[in-house]
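Subject: Structure for your files

Hello,

Here is the structure I said I would send. My notes on what was found in it follow below.

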Amino acid sequence: MPEQPPYLRVADELRRRITEHVWEPGDRLPSRAQIGQELGVGENVIRRAQELLISQGLLEGRAGSGTYVAEPQQRVRIVRSSAREQPTGSPFRADMKAVGKLGDWESRTDAKVPAPVDIAARLGVDEGALCVRTSYEFLADGRPVQLSTSWEPYDLTSGTLIVLPEGGPHAGAGVVNRMAAIGITVSHAVEQPEPRQATAEEASLLGIQKAALVTHIRRTYYSDQGRPVETADIVVPVAH
């Protein structure tokens, strides 16, 4: 059997110290040089081991401060379907309230943005067709937990009260409820999840290590007539 790579052996040792409470949540780890000297490996091996444990949610990197044992995090089950839509209010806030957290978000909407080729294909429109694009940073108790970029065909909502997802009387109500306000019934969503590494921008927004593992979900909502009415790219750190 091939020998286990050094960084995986180091990660197992660091994980053991965390699970056996040698290091408690919130503790700052010794420097990479100190750990490397103790375990007989180079600092690069320690770095790779720590990055693995950061991506798994056991460690937390803090810029300019060091590496710390992460506080235990409760994983949150979020159902992105019509079943989670509430009669009023935000589905995300409802999800967070169910686990005792305060849900909120920051957003930016740009109207009349030409659809890139991949978004056009997902929405069933011509490349360059005008869309409403909204970027979200979702927060739980003030900490970022999820990113999302949403696209809606402009011709579908133009001239209605829901043309801006975060403006008007239906702001923040969720796709299903907003579309219902203009007589469109959303029947189902299709999701395509895949693991990948975070981009530098995503890592900065989410407060995670650069290139940490995330789940990227491509979600598209469809009306009961079979038309795509919204598509989004959702990014969630694997630690959550």
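A word on terms before the pocket: a pocket here is an open set of grid points with protein on both sides within 12 Å along at least five of seven lines, and its lining residues have an atom within 4 Å of a point. Please also keep in mind that this is a predicted model.

The pocket

The second largest pocket has a volume of about 330 Å³. Its lining consists of 14 residues, and those nearest the centre are Leu147, Thr149, Glu201, Glu202 and Leu205. Four elements each give two or more residues to this lining: the strands β4 (130-140), β5 (143-153) and β8 (228-237), and the helix α8 (200-206). By class, the lining of the second largest pocket has four nonpolar, five polar and five charged residues.

The sheet

Three of the strands just named also belong to an open sheet of six, whose order is β3-β4-β5-β8-β7-β6 with antiparallel pairing. At its edges are β3 (103-114) and β6 (186-197), each of which pairs on one side only. From one strand to the next, the twist averages 15 degrees. Helix α4 (residues 91-98) packs on this sheet and touches β3, β4 and β5; the direction of α4 makes about 160 degrees with that of β3.

As background, strands of a sheet pair through backbone hydrogen bonds, in either a parallel or an antiparallel sense.

For the pairs at the β6 end, the details are as follows. β6 and β7 run antiparallel and are joined by eleven bridges. One residue pair to look at there is Gln197, whose bridge partner in β7 is Leu213. Strand β7 (residues 213-223) then pairs with β8, again in the antiparallel sense, over nine bridges. Bridge partners in β8 include Thr231 for Thr220 and Val235 for His216. β7 and β8 form a hairpin, with four residues between the two strands. In that turn, Gly226 has a positive phi of about 90 degrees.

Two residues other than glycine also have a positive phi, and you may want to look at them on the display. Lys112 has a phi near 60 degrees and lies in strand β3. Asp141 has a phi of about 50 degrees and sits in the loop between β4 and β5.

The helices at the start of the chain

Helix α1 (residues 6-19) packs with helix α2 (residues 32-39) at an angle of about 105 degrees, and their axes are 12 Å apart. Angles of 65 to 115 degrees count as roughly perpendicular, so α1 is roughly perpendicular to α2. On the α1 side the contact is made by Val10, Glu13, Leu14 and Arg17, and on the α2 side by Ile35, Glu38 and Leu39. That contact of α1 with α2 has four nonpolar and three charged residues, and no polar ones.

The next helix along is α3 (residues 43-55), and its axis comes within 8 Å of that of α2, with a crossing angle of roughly 105 degrees. That makes α2 roughly perpendicular to α3 as well. From α2, the residues in contact are Arg32, Ala33, Ile35 and Gly36; from α3, they are Glu43, Ile46, Arg47 and Gln50. The contact of α2 with α3 divides into three nonpolar, two polar and three charged residues. Ile35 of α2 appears in the contact with α1 and in the contact with α3.

Regards

Methods. Residues numbered from 1 in each chain as written. Predicted model: local features only at pLDDT ≥ 70, side-chain atom pairs only at ≥ 80, totals over all residues. Heavy atoms only, no water. Axes fitted to C-alpha atoms, helices over the stretch in contact; angles between N-to-C directions. Parallel < 35°, antiparallel > 145°, perpendicular 65-115°, else oblique. Contact = heavy atoms within 4.5 Å. Nonpolar A, V, L, I, M, F, W, Y, C, P; charged D, E, K, R; others polar. 1 Å grid on protein atoms, 1.4 Å probe; cavity = no way out; pocket = protein on both sides within 12 Å on 5 of 7 lines; lining within 4 Å. Points joined across faces, edges and corners; volume = space filled by probe spheres on them. Pairing = 2+ DSSP bridges.
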